[in-house]
Amino acid sequence: MKPSEEKPGLFDSEKNIQRVLYLLYGGCAVLLVIEILYRRHSYHPWENLLAFYPLYGFLGCVVLVLIAKWMRRFLMRDEAYYDRLEQSADDRKYGGGAK
Amino acid sequence: MWQFSVPPFAIFYIAALLVLVLRGRLCSSVMVATPILGAINLWAMGEGTILFQGAANFEFVIYHGDRLSLLFGYLFHLAGLIAILYALHVKDRLQQVASLLYAGSALGAVFAGDLITLFVFWELLALTSVFLIWARRTNRAYHAGMRYLMIQICSGLLLLAGIVVYSRYSDSLRFDQIGLEGLHGWLIFIAFGIKCAFPLLHNWLTDAYPESTPTGAVFLSAFTTKVAVYALARGYPGTELLIYIGAAMTCFPIFFAVIENDLRRVLAYSLVNQLGFMVVGIGVGTALAINGAVAHAFTDVIFKGLLFMSMGAVLHVTGRMNGSDLGGLYKTMPKTTVLCIIGAASISAFPLFSGFVSKSMIMSAAISENYSWVWLMLLFASAGVFHHAGIKIPYFAFFAHDSGIRAKEPPVNMLIAMTIAAALCIGIGVFPDLLYRHLPFDMDYSAYDMTHVLAQTQLLFFSALAFVWLNRRGLYPPELRSVNLDGEWLYRRAAPALWWRCYGSWQRLLEILTKEFRRGQRTLSRRFDSAFSEQGVLSQSASTGSIAAWMLAFLLVLILLWSA
């Protein structure tokens, strides 16, 4: 079946994506309310900071992604970067033959 | 009562021989029956030892069953069964035989009671598993397999060197606590560290696993690294250095995983990250921590296997593995999508999934032993693993943009294997006591208290929120067709480039020397020619008088020299 003939997928509609996102936002809000209402047992003083886990999770991921993105600047090469060298090494070894 | 005690590895080796000659359904039946029979045999054997009288009166302990090795033994039978079912459609004899021998070698290694037996199976693990990489039969796989084999053999040689040094200190070569005292302790530690993918020794894993066959990766992800975890748990429990090594292992791979395009390579980085948690647990060394490490090894084999299976299924049906080429597969592969999400939820340690009940033990152990910074690193890694394995893998393979690929679900045997793994992920997550009661140490621990559940759920929900926010703001790095440099750059690029440069310089030097030599040769021969030619010095006749005068002068010089 060609993509044009098939029925649209669940996430082809922006509305459904929004629904999933609202679920996530709702979940986050509920977790924050529980954070305020429930006195959690803590093993470490840092855990007593308000919204320690939500903040740590959010900021941790943002920092992770931004650092990783910055790493691309000096780590990223084209797909054939290693293949070229290995191919030319093979050519030298086998006189241009395959393998 | 069970009459025959067959060492667990032997069953797999015999099956490999049978598979070599059998065909069709009979061959498939033997393969499926092997881990089931093996598990029954193991259950009947239980704790105890089997000795084998070797040469020079050395007694090889080819089976040593205790709570630690038995748990890994059962795990390997389970992983073997799932992986064999997953690979049942594969008719490649090379892969069938290699996978059985490989699983057998892993069992041989965890039940090895002495270091020599461990060494033998340690090397056999390398030799048998490399065929699962080469079986992809591409140029890349051939090279990656060669590099993999060389590094694995190095690990074995270090182990052997450690054993030789150890044998000078100790009369017994029993495989027990080794510790970092003495040269042997360090040699064996590094040997284990290579197989366990310690930082900077990890590149064989992220290099070779993604180049293996779709089914081969499932076997590979289960055995080699878990044998190393077992070996560390037996030889180096409570070694503080392991805590810091493990913490580094949990953190650095996640950065690479975020920008990696090959989704099986993302899983390979995530494998290193999960091994980090186990290594921290072994390093902390308390009963809770070791239990946590072993439990996490158990759950990891299943959920990481499930993720490798789901990606293998995608590779099998689409022939592609890059995040940049995939997307929108949920439309035609809904079952695989759901199974992959279960694996992703498990590795992310969502409550009610298997990763939660094992990882929380390690985190609790680290915090109760006052390793605050390590605990913070583990927490960061937990958020990170959700980000790259929990969200990125299913998102870029099955959702994201519609790639236009309309692939069918994979063969039914693949779906069955994935369903078993997914059921185990949820089963262990909901009923953790099933796993807890088989752990090496007795303990009183419950993962499901409000504090744990709330903290972990908050961490994960807000990590997901971060993903959504970054994506909506266009800050999330897109999937790009590329390779990222990692430690293997040293031996894949720098060292060969240096070698070819040195080789080139040597060749040029040889050329110059040869040219100069030839020129010297030609000049000399011209001189000779002219000296002997008709007008040449040596063709001239001289008078007798002058000869006599020259002789006299020569003799005078001789006499003067003699008398001086």
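Helix 1 of chain B, covering residues 8–21, has a set of buried residues: B:P8, B:F9, B:I11, B:F12, B:Y13, B:A15, B:A16 and B:V19. What lies over them? The cover for these buried residues includes helix 2 (24–45), helix 3 and helix 4 (93–110) of chain B. As a general point, an α-helix has 3.6 residues a turn, so residues three or four places apart point the same way.

Before going further, please keep in mind that this is a predicted model. The predictor assigns the complex an ipTM of 0.87 and a pTM of 0.90. The table below sets out the confidence of each chain.

| Chain | Average pLDDT | Residues scoring at least 70 |
|---|---|---|
| Chain A | 82 | 87% |
| Chain B | 93 | 99% |

Confidence also varies along each chain. In chain A, the lowest value belongs to helix 3 (residues 81–94), with a mean of 76, and the highest to helix 2 (residues 52–75), at 93. In chain B, strand 1 (residues 48–53) has the lowest confidence, at a mean of 85, while helix 17 has the highest, at 97. A reminder for any reader: where pLDDT is low, the predicted coordinates should not be read in detail.

**Two helices side by side in chain B**

Helix 3 of chain B, already met as part of the cover over helix 1, also has a partner in helix 17. Two packed helices are described by the angle between their axes and the distance between the axes. For helix 3 (residues 67–86) and helix 17 (residues 412–430) of chain B, the axes come within 7 Å and cross at roughly 155 degrees. Because of that angle, helix 3 of chain B is roughly antiparallel to helix 17 of chain B. On the helix 3 side, the contact is made by B:I82, B:L85 and B:Y86, and helix 17 of chain B answers with B:N413, B:M414, B:I416, B:A417, B:I420 and B:A421. What classes do these residues fall into? The contact of helix 3 with helix 17 of chain B has eight nonpolar residues, one polar and no charged.

**The domains of chain B**

The domain assignment splits chain B into domain 1 (1–235) and domain 2 (237–500). Their C-alpha centres lie 23 Å apart. Where the two meet, 37 residues of domain 1 of chain B are in contact with 45 residues of domain 2 of chain B. Looking at the domain 1 side, the elements that give two or more residues are helix 3, helix 8 (203–208), helix 9 (216–222) and helix 10 (224–235) of chain B. Which of these gives the most? Helix 3 of chain B does, with nine residues. By class, this side of domain 1 of chain B has 25 nonpolar, nine polar and three charged residues.

**Getting to know chain A**

Chain A has three helices and one strand. Read from the N terminus, its elements run α-α-β-α. Of the 99 residues in chain A, 11% are buried. Its domain assignment gives domain 1 (9–38) and domain 2 (50–99), and the C-alpha centres of these two domains of chain A lie 33 Å apart.

**Where the chains meet**

The contact between the chains takes 48 residues from chain B and 43 residues from chain A. On the chain B side, the elements that give two or more residues are helix 6 (139–169), helix 11 (240–259), helix 15, helix 16, helix 19 (450–472), strand 3 (483–484) and helix 20 (489–532). The largest share of that side, 17 residues, comes from helix 19 of chain B. Sorted by class, the side of chain B that touches chain A has 28 nonpolar, 14 polar and six charged residues.

**Two residues with a positive phi**

Most residues other than glycine have a negative phi, and most peptide bonds are trans. A:A51, which is not a glycine, has a positive phi near 55 degrees. A:A51 sits in the loop between helix 1 (14–37) and helix 2 of chain A. Is A:A51 buried, partly exposed or exposed? With 15 other C-beta atoms within 10 Å, A:A51 is partly exposed.

In chain B, B:N370 is not a glycine either, and its phi is positive at about 65 degrees. B:N370 belongs to the loop between helix 15 (354–368) and helix 16 (372–398) of chain B. B:N370 is exposed, because 10 other C-beta atoms lie within 10 Å. The two helices that flank this loop are among the elements of chain B that give two or more residues to the side touching chain A.

Key
Residues numbered from 1 in each chain as written. Chains lettered and ligands numbered in written order. Predicted model: local features only at pLDDT ≥ 70, side-chain atom pairs only at ≥ 80, totals over all residues. pLDDT = per-residue confidence, 0-100. Helix = DSSP H or I, 4+ residues; strand = E, 2+ residues; numbered from the N terminus. Buried ≥ 20, exposed ≤ 12 C-beta atoms within 10 Å, placed from the backbone. Axes fitted to C-alpha atoms, helices over the stretch in contact; angles between N-to-C directions. Parallel < 35°, antiparallel > 145°, perpendicular 65-115°, else oblique. Contact = placed C-beta atoms within 7 Å. Nonpolar A, V, L, I, M, F, W, Y, C, P; charged D, E, K, R; others polar. Domains from an automatic or database assignment.
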